[in-house]
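Trainee: Please give me a close look at a single part of this structure, and then show how that part connects with the rest of the chain. I should like the explanation to proceed step by step.

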Amino acid sequence: MRVVAGSVSAVVDLEAAIGFVVANGDAVDRARLSRLRTGAPVPAGLLDAAEAGQSPDGGWPAVLDGETSSVDATCFRLAELDDLGALNRPAARHALDWLAARQLPDGGWDEDRRLAGVAPEWARPGDPEAHLYLTAYAGFWLTVAGLDARAAGPLDHRVGGAYAGVVHAAAQALAARLAPDGSWPSFLPAGWLSAAVLHRQAMYDESARVQAVLAERVPTMSPADVAWLAATLRRVEVGEEQWLLVSARRRLAETQRSDGGWESDDGHQFDVHTTLRAIRACRPVVTSAG
């Protein structure tokens, strides 16, 4: 095997980022880091801890000890489980089944109206911008995890595996909301999540238009948003040489702090999470020797 680093990866101090997570993360964070770096298996006890709090229906609640499952919270938890290599475990399979079953007739998703009092702006029940964001978020995880999770039926090689029809409907719903210039009537993360779903559906023109809009915005994006963007697109194998990813890695190099970490938009308690995303975005690509 040989390691191929992106042109900007040498500028991002990955060793310092790793040190920040080791020094400031908890046991689950360090397990995520270890698996991202080496593919090391995660102890069962830590996987159980990462899955804690799941509702009987398969989702995770929006607030601690909440009784109503949240699309947004469930997608956030699936991202953590993905870093731990746990998308093939029963908890993630149950969550993916719950997400698929929550799809609306228009191909999209909304939060349960019982969450109206606690949902953040980007997940407010009945809000059209939140609807598009949640559609992109749920569609993304069903895209990348459906085949691996094999929640139902035999192995299905279509995009999304067992959820292929759900993902296709989500992609159509996302494409229908795009403006001719590639912009979208929703929050910023809906852009890169939509671009990822559309890319995997071979809707390359639609995805490219969204990516062009994102590339213009990268220089002013927060480190947390750039890390999320780059990690998302790499997860669906958008080419490393694409200008959007090159620009994103450059922006991360410019915004890395002296302690090795990156700042979260949600308070310093989430800096480790942002830094793990940045590591996923910038870690070298391992290819077979040729």
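Mentor: Let us begin with Arg32, a residue that is buried, with a relative accessible area of 2%. Please keep in mind that this is a predicted model. The value for Arg32 falls under the 20% limit for buried residues, and its partner is covered as well: Glu80, at 16% relative accessibility, also counts as buried.

What joins the side chains of Arg32 and Glu80? They meet in a salt bridge, with a nitrogen-to-oxygen distance of 3.7 Å. Arg32 belongs to helix 2 (residues 27–38) and Glu80 to helix 4 (residues 71–83), so this pair ties together parts that are 48 residues apart in sequence.

Helix 4 takes part in a further salt bridge. The side chain of Asp83 meets that of Arg280, with N and O 2.4 Å apart. Since Arg280 lies in helix 12 (residues 271–282) and Asp83 in helix 4, the pair ties together parts that are 197 residues apart in sequence. Both Arg280 and Asp83 are buried.

These pairs belong to a wider arrangement. A network of salt bridges links Asp29, Arg32, Glu80, Asp82, Asp83, Arg235 and Arg280. For the structure as a whole, the count of salt bridges is 14.

A pair within one helix offers a useful contrast. Asp205 and Arg209 form a salt bridge whose closest N and O atoms are 3.4 Å apart. These two residues are four places apart in helix 9 (residues 204–217), so about one helical turn separates them. Arg209 counts as partly exposed, at 24% relative accessibility, whereas Arg32 is buried.

We may now return to the network and examine the empty space beside one of its members. Rolling a probe the size of a water molecule over the atoms shows where empty space is left. The structure holds two cavities of 30 Å³ or more, and the largest cavity contains about 170 Å³ of space. Which residues lie nearest the centre of the largest cavity? They are Ala79, Trp141, Ala231, Arg277 and Arg280, from a lining of 17 residues. Arg280 is thus a residue of this lining as well as a member of the salt-bridge network. At least two lining residues come from each of helix 4, helix 6 (128–149), helix 10 (223–235) and helix 12. Sorted by class, the lining of the largest cavity consists of eight nonpolar, two polar and seven charged residues.

Helix 4 leads us to another space, the largest pocket, which has a volume of about 1,200 Å³. Among its 42 lining residues, Asp72, Phe76, Asp266, Phe270 and His273 lie nearest the centre. Two or more lining residues come from each of helix 2, helix 3 (44–50), strand 2 (60–61), helix 4, helix 6, helix 8, helix 10 and helix 12. Helix 4 gives the most to this lining, with five residues. By class, the pocket lining has 23 nonpolar, seven polar and 12 charged residues.

Helix 8 also appears in that list, and it repays attention. This helix spans residues 188–200 and is mostly covered, with 11 of its 13 residues buried. Its buried residues include Gly191, Trp192 and His199. After helix 8 comes Ala202, whose phi is positive, near 60 degrees.

Two of the buried residues of helix 8, Gly191 and Trp192, bring us back to helix 9, where Leu214 is placed. Setting aside neighbours within four places in sequence, Leu214 is in contact with Trp184, Leu188, Gly191, Trp192, Met221, Leu229 and Leu244. Leu214 counts as buried, at 0% relative accessibility. The C-alpha atoms of Leu214 and Leu229 are separated by 9.0 Å, the two residues being 15 apart along the chain.

Finally, consider the setting of these parts. The chain has 12 helices and four strands, and 54% of its 290 residues are buried. Of the contacts between residues at least 6 apart in sequence, 68% join residues at least 24 apart. The chain exposes about 12,800 Å², of which carbon and sulfur atoms supply 52%.

How values were computed:
Residues numbered from 1 in each chain as written. Predicted model: local features only at pLDDT ≥ 70, side-chain atom pairs only at ≥ 80, totals over all residues. Heavy atoms only, no water. Buried < 20%, exposed > 50% of the residue type's maximum accessible area, 1.4 Å probe, protein only. Salt bridge = Lys/Arg side-chain N within 4 Å of Asp/Glu carboxyl O. Contact = heavy atoms within 4.5 Å. Areas by Shrake-Rupley, 256 points an atom, 1.4 Å probe, with all protein chains shown as cover. 1 Å grid on protein atoms, 1.4 Å probe; cavity = no way out; pocket = protein on both sides within 12 Å on 5 of 7 lines; lining within 4 Å. Points joined across faces, edges and corners; volume = space filled by probe spheres on them. Nonpolar A, V, L, I, M, F, W, Y, C, P; charged D, E, K, R; others polar.
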